[in-house]
Amino acid sequence: MLLLLSRQVSLSLVRQVTPRNLILLSKPVSLTLRASTLSIRHCRLSVNATSQHLVTMPERRPFVRLPTDVYPVNYGLCLKPDLIDFTFEGKLEAVVEVTQGTNQIVMNCADIDIITASFAPEGGEEINATGFNYQNEDEKVTLSFPSALQKGRGMLKIDFVGELNDKMKGFYRSKYATPSGEIRYAAVTQFEATDARRAFPCWDEPAIKATFDITLIVPKDRVALSNMNVIDRKPYPEDDSLVEVKFATTPIMSTYLVAFVIGEYDFVESQSSDGVTVRVYTPVGKAEQGKFALEVATKTLPFYKDYFSVPYPLPKIDLIAIADFAAGAMENWGLVTYRETALLIDPKNSCASSRQWVALVVGHELAHQWFGNLVTMEWWTHLWLNEGFASWIEYLCVDHCFPEYDIWTQFVSADYTRALDLDALDNSHPIEVNVGHPSEVDEIFDAISYSKGASVIRMLHNYIGDEDFRKGMNAYLLKFQHKNASTEDLWDCLEQASGKPIAAVMNSWTKQMGFPIIVVDQEQQGGDRVLKISQRKFCASGPHNGEDCPSWMVPISICTSEDPSCSKIKVLLDQPESTVTIPNLGPDKWVKINPGTVGFYRIQYSSGMLESLLPGIRDLTLLPVDRLGLQNDLFSLSRAGMISTVEVLKLMEAFVNEPNYTVWSDLSCNLGVLSSLLSYTEFHEEIQEFIRDLFTPIGLKLGWDSKPGEGHLDALLRGLVLGKLGKAGHMATLDEARRRFKEHVEGKQILSADLRSPVYLTVLKHGDSSTLDTMLKLHKQADMQEEKNRIERVLGAISAPELIQKVLNFALSDEVRPQDTVSVIGGVAGSSKHGRKAAWKFVKDNWEELHNRYQGGFLISRLIKLTVDGFAIDKMAAEVKSFFESHHAPAAERTVQQCCENILLNAAWLKRDADDIHQYLLQRKVPPV
């Protein structure tokens, strides 16, 4: 499953910065480290993390997995949904194995009413169940029988009814409009993690695999799809408006990967070079918009087949766009479901970032067809392996299909730095978390499982080398295909393939939370350079104090100015500290740790080492990913109080010649954080001026219109820079945005898709009620979900308090799809101090409706994070904590703790550095004498 973990940097949520006093830029930027940070505390280090126990979720109710005395071999499942009354009837005929005599069968079941149940042993009499005992809290049902079921095979029959709910989980209804505007509903599924039990009684645990024979009874004018291909379609004898559609038997698989869809769709079809039929299903009349995803999918399947040396195991794969969909996409085997915006691309009206997003999501979900579906995690504790792996390999796949995207540099900004930020909190969690009750599972679908998981797999791949990595992966998939595996099983296979201590290294990264900061100093000894390297835990609140410092086994690479793109030395730091000698390196050469920004750690250089690296930013001799990493590390150290934020502002001014989109994107995000923080001061306008100064040269260079020979990254950079300048109030940008917006609205000159977000954002930020009304009209007229979402994400930029309220009310209206309400409210909270306050009040006032709508899913966590994470006043942390103590949101407990911690960190940062930042921003405007 792919979540929307802010991976697309929405223009509405980032703010801005800029250098003005260009005379400064030719001088060396000196960074002085705060003295306190260089005295390394020698703590007792527990070098081996394997002995550490997994951290468990907050104490909840005791949880027991299903008994093993009866297990399914094959599910014969027939479902008949009613698309008018939103109910469904079901018949289950399951072949089960009784492993020891028992007079009861315990299964998972939620929101389903069982009408009758019986059991017939092979060759024996049918026995009717005499009681159904529902344990609603544990989502289980116990079927009681009058006599013991004997050991051996038998047939379990259950007739049941259920509701096609509107909660975007289980078997649910999804609202859409026909081309003529009539509102209709499709019946669709979302079972991961624990919601197959809402569609049929089952053994809903990933390790209890079985085969499935699925039949759907549906209106004859509707499309019916499931995991496998259709093998029979015939009229339904009891009602000639219905047909009975039977699908081929699936391979042995987990319940969370079962899927069915009944609705109205068009499709485009192709065959991959290895003979798999690929279809992309789109809303009626939009088949054209499925072509890009079809092209990506047909390239991707052979890529994975070749990478894993294992063929795709099913005869077909369908990718389908679902109107109401909570996640980004879901990897159901052979029938992958997507949000419309994660699958559909209109050649005229889709922007470059949407194309890239679709390519990544398709790459992610198709990787799961092997890693997750063919070999499945034994229990949710190992979810990270599923998601971390897919979140890593999606980039490998996109890099193969679209090398022009420079996607690995973007990985560092989108996943790696985000994971570092979250994992520096005291309220982070290890990658591997013991989970029990279903309500705990949703909570681990977060940036640690996905982005940190992907980052440590990227580090592991680099440590092992591609050839041995692939060899180990192939062995793992072959050994465990159609079975279940744990993290340790993968480590064993990779260890055997590479001969390296994979388990020992990786356990230090997966079983304990956090990561190290690597502290580096150097000394020239004759012709050699001697580095002193040490590690300690990095905390968002500053250096780790305390007796027991955890430690990691850290793969460290080192490069020098002689060849910035190539590692000269690789070592494994398995001690608190170590020295490394680089032979034959003169004093005029610089040394860089972690080239390619692959190792999952922050770096703190001595002042001298840092000084020597700075020219590499200005003259671009450092790789883009390393320029980005250096800036991001320093920004993080400033937030932790280890260096002054002023030093980071000076460093940012050195990026004035920067050509790379991703480097600018990361700068932009960090300046957005700073701008948000400084909105709680009297000098918010000064930081806007800094932003304007920093982004003006690149803005002038790019201009408004694309030039011949430009590509994907130029389009992304132009949108980013113009949005940044517009939001910061750069007058020339604002005037041009207004002019182009007017022509767009009048139909004289339609804005290119790549310019819409920055233009919409700019005119709204500096707009009035008529601007907002025009934007809402554009939203209503938009035929494409991408355009609706684009508008929804920037509406919050409007400034007037009464208009902010109007946007918030709009978020809960029928005009906005339920899964998108979150980004409208988040856009309001992210755009100004007043917006954040209003959004928080709105969430509190409408809590019951919001919580009911997203019941326990990860969207509730996302809503909370987007709304309150940016506060920078101590008392707000107490207010947020107190609200959620009386309004429980079990799936978001950890998110609430993380938000409260972030609020306190923001407040401390502001107290510590606000005056210095203010002084710096004032003095940089004074002309030099």
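Two strands count as paired if DSSP finds at least two bridges between them, and the strands themselves are DSSP runs of E, at least two residues long, numbered from the N terminus along with the helices (H or I, at least four residues). With that in hand, look at strand S3 (residues 87-98) and strand S9 (residues 152-163): twelve bridges join them, and they run antiparallel. If you want one spot to zoom in on, Lys91 has Asp159 in S9 as its bridge partner.

A quick word on what you're looking at. This is a predicted model, where local features need pLDDT of at least 70 and side-chain atom pairs count only at pLDDT 80 or more, while totals for chains, interfaces and linings use all residues. Residues are numbered from 1 along each chain as its sequence is written, and side-chain values use heavy atoms, with hydrogens and water left out.

Back to the strands. S3 and S9 both belong to an open sheet of eight strands, in the order S6-S5-S9-S3-S2-S12-S15-S14, with mixed pairing. Strand S6 (127-128) and strand S14 (230-235) are at its edges; each has a single partner strand, so one side of each has no neighbour in the sheet.

There is also an open sheet of three strands, ordered S4-S8-S7 and paired antiparallel. Here the edges are strand S4 (102-108) and strand S7 (131-135), each with a single partner strand, so again one side of each is left without a neighbour in the sheet. From one strand to the next the twist averages 25°, taken between lines fitted to C-alpha atoms, with angles running from 0 to 180 degrees between N-to-C directions. Within this sheet, S7 pairs with strand S8 (residues 140-149) in the antiparallel sense over five bridges, and Phe132 sits opposite Leu143 in S8.

Further along the chain, strand S17 (residues 266-271) and strand S18 (residues 277-282) pair antiparallel over six bridges, with Gln271 opposite Thr277 in S18. The two form a hairpin with five residues between them, and Gly275 in the turn has a positive phi of about 85°. S18 is also joined by five bridges to strand S19 (residues 316-322), this time running parallel; Arg279 has Asp318 in S19 as its bridge partner. Put helix H1 (residues 291-308) between S18 and S19 and you get a left-handed β-α-β unit. For handedness, point the strands away from you: a crossover is right-handed if the path from the first strand over the helix to the second runs clockwise.

Now for some backbone oddities. Most residues other than glycine have a negative phi, and most peptide bonds are trans. Asp111, in the loop between S4 and strand S5 (112-121), has a positive phi near 55°. Glu139, in the loop between S7 and S8, also has a positive phi near 55°. Their surroundings differ, though: Asp111 is exposed at 59% relative accessible area, whereas Glu139 is buried at 14%. (Buried means under 20% relative accessible area, exposed over 50%, and partly exposed in between, with a 1.4 Å probe and protein chains only.) As for the peptide bonds, the one from Glu192 to Ala193 is cis, with omega near 10°. Ala193 lies in the loop between strand S11 (183-190) and strand S12 (211-219).

On to the rings. The structure holds 47 aromatic pairs, counting rings of Phe, Tyr and Trp (its six-membered ring) with centres within 6.5 Å; planes under 30 degrees apart are stacked, over 60 edge-to-face and the rest tilted. One of them is Phe171 with Phe260: the centres are 5.1 Å apart and the planes at 85°, so the pair is edge-to-face. Phe171 is in strand S10 (residues 170-177) and Phe260 in strand S16 (residues 260-263), so the pair ties together parts that are 89 residues apart in sequence. Both Phe171 and Phe260 are buried. Elsewhere, the charged end of Arg355 sits over the ring of Phe292, 4.5 Å from its centre (the cut-off is NZ of Lys or CZ of Arg within 6 Å of the ring centre and within 35 degrees of the ring normal).

Last, the cysteines. How many disulfides does the structure hold? Zero, where a disulfide is a pair of cysteine sulfur atoms within 2.5 Å. For Cys559, the closest cysteine sulfur is in Cys566, 8.5 Å away and too far for a bond. Cys899 is in no disulfide either, with the nearest cysteine sulfur, that of Cys900, 6.9 Å away. Cys559 is buried, at 1% relative accessible area, and Cys899 counts as buried at 1% relative accessibility.
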